[in-house]
Amino acid sequence: YAAFQKTSSSEALNQYLATSRRHPKTKYGQLAMLEAAKIYILERDMDSAQAQLRGIYSPDIIERYYWLACINFYNDEYSAAIANSDNYLRLAPKGKVAEPAAHIIVESYLMQKKYQSAISALSKVRQLPSYDRQYYHFKQGYAHEMNGNYGEALKSYQKGYELDKYSQSA
């Protein structure tokens, strides 16, 4: 709790690390590891973040899979990013980071030039109870364009444009 009240990230990080060292097997110690990992990610210290996340074994802390996927994507480890995002979506299909996790899968396929897989993976986004429809259509259009389906790409881009003509995505 004291770490949340700190004004600098280094003070908060030190508090989280101290809590996780003192109570590594408790729920709060495990949550402290998650929060420390997030700070490390913000600082682009992916090795330290990954070490913190790998120390979490509580089945209640599903969000660790999302953050592992972020690290994997950052490190160009796309297969691992897909696997960790899939784990998150399987365990928390309506979780608070379900849409970003689904987009990590799509982006990972796009980075591997597996455009048909990216198009298929977009169905996971569409299954979410709420999602950014304009961004969905933009990604769908891009995947179709890269796959050579220019007619489908144009349809997707147009649908996204019609949702909000004045947004940055349009």
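This is a walk through the structure above, from the whole chain down to single residues.

The model is predicted. Start with the overall plan. The protein has nine helices and zero strands. Read from the N terminus, the order of elements is α-α-α-α-α-α-α-α-α. Along its principal axes, the C-alpha trace spans about 60 × 30 × 25 Å.

Next, look at inside and outside. The protein has 170 residues, and 45% of them are buried. Its accessible surface comes to about 9900 Å². Carbon and sulfur atoms hold 50% of that surface. The chain carries 21 positive and 17 negative charges, and the mean positions of the two groups are 6 Å apart.

How does the chain meet itself? Take the contacts with a separation of 6 or more. Of these, 44% join residues 24 or more positions apart.

Now go to the core. In soluble globular proteins, nonpolar side chains tend to be buried together. Here the largest nonpolar core has 48 residues. L53, Y66, W67, Y88 and L89 have the most contacts inside it. Many helices feed this core: α1 (9-22), α2 (27-42), α3 (46-54), α4, α5, α6, α7 and α8 each give two or more residues.

Y88 is a good residue to click on. Leave aside residues up to four places away in sequence. Y88 then touches I62, E63, Y65, Y66, P93, G95, K96, V97, A98 and A101. One of these partners, Y66, is also among the residues with the most contacts inside the core.

Move to helix α4. This helix has 12 residues. From first C-alpha to last, α4 reaches 17 Å, close to the 16 Å expected at 1.5 Å a residue. How many of its residues are buried? The count is 10 of 12, so α4 is mostly covered. The buried ones are E63, R64, Y65, Y66, W67, L68, A69, C70, I71 and N72. Notice that E63 and R64 are in this list. The cover over these residues includes α2, α3, α5 and α6.

One of the helices covering α4 is α3, and Q50 sits in α3. Is Q50 buried or exposed? Its relative accessible area is 12%, which is under 20%, so Q50 counts as buried. Beyond its neighbours within four places in sequence, Q50 contacts L68, I71 and N72. These three are listed among the buried residues of α4.

What comes just after α4? There D76 takes a positive phi of about 60°. Most residues other than glycine have a negative phi. D76 lies in the loop between α4 and α5. Its relative accessible area is 53%, so D76 is exposed.

Helix α6 covers residues 98-111. At 1.5 Å a residue, its 14 residues should span 20 Å, and its end C-alpha atoms are 20 Å apart, so the two agree. This helix is also mostly covered, with 11 of its 14 residues buried. They are A98, A101, A102, H103, I104, I105, V106, E107, S108, Y109 and L110. What do they pack against? The partners are α4 (63-74), α5 (78-91), α7 (115-126) and α8 (133-146).

Follow one of those partners. K139 is found in helix α8. Its relative accessible area is 8%, so K139 is buried. Past its neighbours within four places in sequence, K139 contacts H103, E107, L110 and L122. H103, E107 and L110 are among the buried residues of α6.

After α6 comes K113, with a positive phi near 60°. K113 is a residue other than glycine, in the loop between α6 and α7. At 59% relative accessibility, K113 counts as exposed.

End in the next loop along. S130 lies between α7 and α8. Its relative accessible area is 57%, so S130 is exposed. Along the chain, S130 and K94 are 36 residues apart. In space, their C-alpha atoms are separated by 9.2 Å.

Technical notes: Residues numbered from 1 in each chain as written. Predicted model: local features only at pLDDT ≥ 70, side-chain atom pairs only at ≥ 80, totals over all residues. Heavy atoms only, no water. Helix = DSSP H or I, 4+ residues; strand = E, 2+ residues; numbered from the N terminus. Buried < 20%, exposed > 50% of the residue type's maximum accessible area, 1.4 Å probe, protein only. Contact = heavy atoms within 4.5 Å. Areas by Shrake-Rupley, 256 points an atom, 1.4 Å probe, with all protein chains shown as cover. Lys, Arg positive; Asp, Glu negative; His and termini not counted. Charge placed at Lys NZ, Arg CZ, Asp CG, Glu CD. Expected span 1.5 Å × (residues − 1). Core = buried A, V, L, I, M, F, W, Y, C linked by side-chain atoms within 4.5 Å.
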